[in-house]
Amino acid sequence: MSTECIFCKIIAGSLTSNIVHEDNKILAFEDVNPQAPVHHLIVPKEHIPTINDLLTEHNELIGQLFQVAKTLAKKHHIAENGYRVVMNCNEKGGQAVYHIHLHLLGDRQMHWPPG
Ligand code: 5GP
Ligand code: ZN
């Protein structure tokens with residue numbers, strides 16, 4: 001838990017969000033500034049600032065983030081057509097919130113390369 005971190009505040013319930021999934025280790029909620037018709041953020045409850053801070057003990061947790069992404073994609077009927085999951089790292093990777101999170105984006109055509 002970081003007192004400065006907006007995602008820790010959302011996890012603690014002191015900032016509101018539209019929650020789409022919760023279990024003992026993960027919270028997922030709608031992105032406040034969606035970049036696609038489906039845009040969810042899948043966030044571990046543990047405060048881990050960036051991918052660079054991952055330890056081997058986080059391996060199972062990272063797998064669980066992808067399991068939640070898969071489940072939400074199915075629930076929103078974008079699994080078959082396709083979708084994108086993204087995790088940005090540090091400034092040049094486009095990271096704005098320093099608490100790791102997987103973006104789940106779908107229900108529109110994605111392009112490559114990303115901006
Ligand atoms: P990043 O650039 O760090 O990969 O993504 C951060 C994401 O968090 C952005 O897509 C941004 O719209 C979203 N975001 C930032 N602040 C809030 C907030 O207070 N609530 C919600 N639901 N999303 C937020
Ligand atoms: Zn945090």
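## Zinc site

Four donors count as tetrahedral if all angles lie between 85 and 135 degrees. In this predicted model, the angles among the four donor atoms of the zinc ion (ligand 2) run from 105 to 117°. The site is therefore tetrahedral.

Which residues coordinate the zinc ion (ligand 2)? Two cysteines and two histidines do so: Cys5 and Cys8 through SG, His47 and His99 through ND1. The distances are 2.0 to 2.3 Å. Along the chain, the donors follow the spacing C-x2-C-x38-H-x51-H. Both Cys5 and Cys8 are buried.

## Ligand 1 and its surroundings

Where does ligand 1 sit? The largest pocket holds ligand 1. Around ligand 1 there are 16 residues. Asp31, Asn88, Ala96, Val97 and His103 come nearest.

## Polar contacts and burial

Oxygen atoms of ligand 1 make polar contacts with backbone and side chain. A polar backbone atom of Ala96 lies 2.7 Å from an oxygen atom of ligand 1. For a polar backbone atom of Gly94, the distance to a ligand 1 oxygen is 2.9 Å. His103 contributes its side chain: an N or O atom there is 2.8 Å from an oxygen atom of ligand 1. Taken alone, ligand 1 exposes 520 Å². The protein buries 81% of that area. Ala96 and His103 thus appear twice, among the residues that come nearest to ligand 1 and in its polar contacts.

How values were computed: Residues numbered from 1 in each chain as written. Chains lettered and ligands numbered in written order. Predicted model: local features only at pLDDT ≥ 70, side-chain atom pairs only at ≥ 80, totals over all residues. Heavy atoms only, no water. Donors = N, O, S within 2.8 Å, 3.2 Å for Na, K, Ca; no water. Tetrahedral: all angles 85-135°; square planar, octahedral: opposite > 155°, others 65-115°. Buried < 20%, exposed > 50% of the residue type's maximum accessible area, 1.4 Å probe, protein only. Near = heavy atom within 4 Å. Polar contact = N/O pair within 3.5 Å; in protein donor to acceptor, adjacent residues only side chain to side chain. Areas by Shrake-Rupley, 256 points an atom, 1.4 Å probe, with all protein chains shown as cover. 1 Å grid on protein atoms, 1.4 Å probe; cavity = no way out; pocket = protein on both sides within 12 Å on 5 of 7 lines; lining within 4 Å. Sits in = over half its atoms within 2 Å of the grid points.
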